[in-house]
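Below is a set of questions and answers on how one protein chain is put together. Please look at the sequence and the model first.

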Amino acid sequence: VGYIGKRQAAPILMEGLHRLEYRGYDSAGIAIGQKGTLKVAKRQGKVRDLEELKPQRFKGMQGIAHTRWATSGAPSDRNAHPHCDSSGRYAVVHNGIIENATALKAQLVGRGIVFASETDTEVVAHLIALMDDGSPLETVVSAVLRLVVGTYGLAVIDAERPDQLVV
């Protein structure tokens, strides 16, 4: 689920997560961008478990949220989406599989990047941070996706670009 607009994003995204509950999932999470920072809450279990972290109180008019069914990394709080880069500037949610995630992750680790999860999705967040040259976010994400092999749908926000959401 993604939102960018004139209203507070968190209540809209949480409602979107509730609407996705009919699907099987093992965790849920939300990221809200505001004033150059991201607020992230994620939790293994149901959306009601995520609500215990009070993400609906997060302020900001840009955000993404996700219910995840594990394909990469065991069900856990740390493997729940969204995933961020090391600086916490970029957040990514993703459905699908990145087939070359292991090779990409090895390259990133070789550059000193530390991973917080076991997921293939986190690779995308770190690549976006690494490749961001100040171009529009859509251009950066497109360049990253040229490196990615697999099938996927994703949404990306950058806390420093509160007027952009890439899907």
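The questions below deal with a predicted model and take its sheets, helices and single residues in turn.

Q: In which order do the four strands of the open sheet with antiparallel pairing lie?
A: The edge strands here are S1 (2–4) and S3 (37–44), each of which pairs on one side only. Neighbouring strands are turned by 10° against each other on average, direction ignored. The sheet is open, its pairing is antiparallel, and the order is S1-S4-S2-S3.

Q: Which residue in S4 stands opposite Tyr3?
A: S1 and S4 (residues 62–68) pair in the antiparallel sense, over three bridges. In S4, the residue opposite Tyr3 is Gly63.

Q: What angle does the direction of helix H1 make with that of S2?
A: Helix H1 covers residues 9–19 and packs on the sheet. Its contacts there are with S1, S2 (27–34) and S4. The angle between the directions of H1 and S2 is about 160°.

Q: Which strands are the edge strands of the sheet with S5, S6 and S7?
A: This open sheet has three strands in the order S5-S6-S7, with antiparallel pairing. An edge strand pairs on one side only, and that holds for S5 (83–84) and S7 (150–158). The edge strands are therefore S5 and S7.

Q: How many bridges pair S6 with S7?
A: S6 spans residues 90–98 and runs antiparallel to S7. Within this pairing, His94 stands opposite Leu154, and Val93 has Ala155 as its bridge partner. The number of bridges between S6 and S7 is nine.

Q: Which residue takes a positive phi in the hairpin of S5 and S6?
A: S5 and S6 run antiparallel and are joined by two bridges, with Cys84 opposite Ala91 in S6. Five residues lie between the strands of this hairpin. The phi is near 75°, and the residue is Gly88.

Q: At what angle to S7 does helix H5 run?
A: H5 is formed by residues 137–145 and lies across S6 and S7. Its angle to S7 is about 150°.

Q: Is Thr139 buried, partly exposed or exposed?
A: Thr139 lies in helix H5, and its relative accessible area is 42%. Buried would need a value under 20% and exposed one over 50%. Since 42% falls in between, Thr139 is partly exposed.

Q: What distance separates the C-alpha atoms of Thr139 and Gly88?
A: Along the chain, Thr139 and Gly88 are 51 residues apart. In space, their C-alpha atoms are separated by 20 Å.

Q: Why do H3 and H4 count as oblique to each other?
A: H3 (residues 101–110) and H4 (residues 121–131) pack with their axes 10 Å apart, at an angle of about 45°. Angles under 35 degrees count as roughly parallel and those from 65 to 115 as roughly perpendicular. The angle of about 45° fits neither class, so H3 and H4 are oblique.

Q: How many nonpolar residues are in the contact of H3 with H4?
A: On the H3 side, the contact has Ala101, Leu104, Lys105 and Leu108; on the H4 side, Val123, His126, Leu127 and Leu130. One residue of the contact is polar and one is charged. The nonpolar residues number six.

Key
Residues are numbered from 1 along each chain as its sequence is written. This is a predicted model: local features need pLDDT of at least 70, side-chain atom pairs count only at pLDDT 80 or more; totals for chains, interfaces and linings use all residues. Side-chain values use heavy atoms; hydrogens and water are left out. Contact means heavy atoms within 4.5 Å. Axes are lines fitted to C-alpha atoms, for helices over the stretch in contact, and angles run from 0 to 180 degrees between N-to-C directions. Angles under 35 degrees count as roughly parallel, over 145 as roughly antiparallel, 65 to 115 as roughly perpendicular and the rest as oblique. Ala, Val, Leu, Ile, Met, Phe, Trp, Tyr, Cys and Pro count as nonpolar, Asp, Glu, Lys and Arg as charged, and the others, Gly among them, as polar. Buried means under 20% relative accessible area, exposed over 50%, partly exposed in between (1.4 Å probe, protein chains only).
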